[in-house]
Amino acid sequence: MNIQPVAFDHPDAVKLNDRVQLEYAERYGDEGDATPLDAAMFKPPYGLYLIAYDDAGTPLATGGWRAMDQNGEGYSDGDAEIKRMYVTPEARGLGLARRILAALEADAREAGRTRMVLETGTKQPEAIALYTSTAYEPCPKFGYYRDTPLSLCFAKPLR
């Protein structure tokens, strides 16, 4: 496996994003995650977007972080927010999500961010298990879905 930084609007990133959006739509019975995102949010040093490829060059997993600071959506100064963590069904169980998450945390720490935050949902037990097993703890809700009952928010200090 090879994990590479790519632009959020790279064709492989778009392909994987479309797949995760379909999965969100199926799980939640809606249109997927409507959080406004754009490629500029993931450009270093204010973010990073990663894709894991197999030896044949097939994109299998993705994840990114973007810098967030205190605003009306409940973020705190120094936050780095995880977005679009996803592993294709055929690659689940290979440890790719853990590898991507660790790389994102290290990069955000190096960029001077002090806390990693993320929002997931009650219908994503695999995500909840990943985050809680890697020292993320529940935190006050923030972000686009902060007023949604199905939303769960987690945080982990980076220092």
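**Empty space, helix packing and backbone oddities**

In this predicted model, the search for enclosed space turns up one cavity of 30 Å³ or more. The volume of the largest cavity comes out at about 40 Å³. Its walls are built from Thr35, Tyr75, Glu81, Lys83, Glu119, Phe142, Gly143, Tyr144 and Tyr145. Sorted by class, that lining holds four nonpolar, two polar and three charged residues. As a reminder of what such a search does, rolling a probe the size of a water molecule over the atoms shows where empty space is left.

Turning to open space, the largest pocket has a volume of about 800 Å³. A total of 35 residues line the largest pocket, and Tyr24, Met85, Thr120, Gln124 and Ala127 are the ones nearest its centre. As for chemistry, the lining of the largest pocket splits into 17 nonpolar, eight polar and ten charged residues. Several secondary-structure elements chip in: helices H1 (11-28), H2 (96-110) and H3 (125-133), along with strands E4 (79-87) and E5 (115-121), each give at least two residues to this lining. Strand E4 provides the largest share, with six residues.

Two of those pocket-lining helices, H2 and H3, also pack against each other. In general, two packed helices are described by the angle between their axes and the distance between the axes. Here the axes of H2 and H3 approach to within 11 Å and cross at roughly 50°. With that angle, H2 counts as oblique to H3. The handedness of the H2 and H3 crossing is right-handed. On the H2 side, the contact is made by Ala97, Arg98 and Leu101, while H3 brings in Leu130, Tyr131 and Ser133. By class, the contact of H2 with H3 comprises four nonpolar residues, one polar and one charged.

The backbone has a couple of quirks worth a look. Most residues other than glycine have a negative phi, and most peptide bonds are trans. Against that background, the peptide bond running from proline 44 to proline 45 is cis, and its omega is near 5°. Proline 45 sits in the loop between H1 and strand E2 (47-53). The other quirk is arginine 84, which is not a glycine yet has a positive phi of about 60°. Arginine 84 belongs to strand E4, the strand that supplies the largest share of the lining of the largest pocket.

Conventions:
Residues are numbered from 1 along each chain as its sequence is written. This is a predicted model: local features need pLDDT of at least 70, side-chain atom pairs count only at pLDDT 80 or more; totals for chains, interfaces and linings use all residues. Side-chain values use heavy atoms; hydrogens and water are left out. On a 1 Å grid over the protein atoms alone, a cavity is a set of points where a 1.4 Å probe fits but cannot get out, and a pocket is an open set with protein on both sides within 12 Å along at least five of seven lines; lining residues have an atom within 4 Å of a point. Grid points are joined across faces, edges and corners, and a volume is the space filled by probe spheres set on the points. Helices (H or I, at least four residues) and strands (E, at least two) are DSSP runs, numbered from the N terminus. Ala, Val, Leu, Ile, Met, Phe, Trp, Tyr, Cys and Pro count as nonpolar, Asp, Glu, Lys and Arg as charged, and the others, Gly among them, as polar. Axes are lines fitted to C-alpha atoms, for helices over the stretch in contact, and angles run from 0 to 180 degrees between N-to-C directions. Angles under 35 degrees count as roughly parallel, over 145 as roughly antiparallel, 65 to 115 as roughly perpendicular and the rest as oblique. A crossing is left-handed if the near helix is turned anticlockwise from the far one by less than a right angle, and right-handed if clockwise. Contact means heavy atoms within 4.5 Å.
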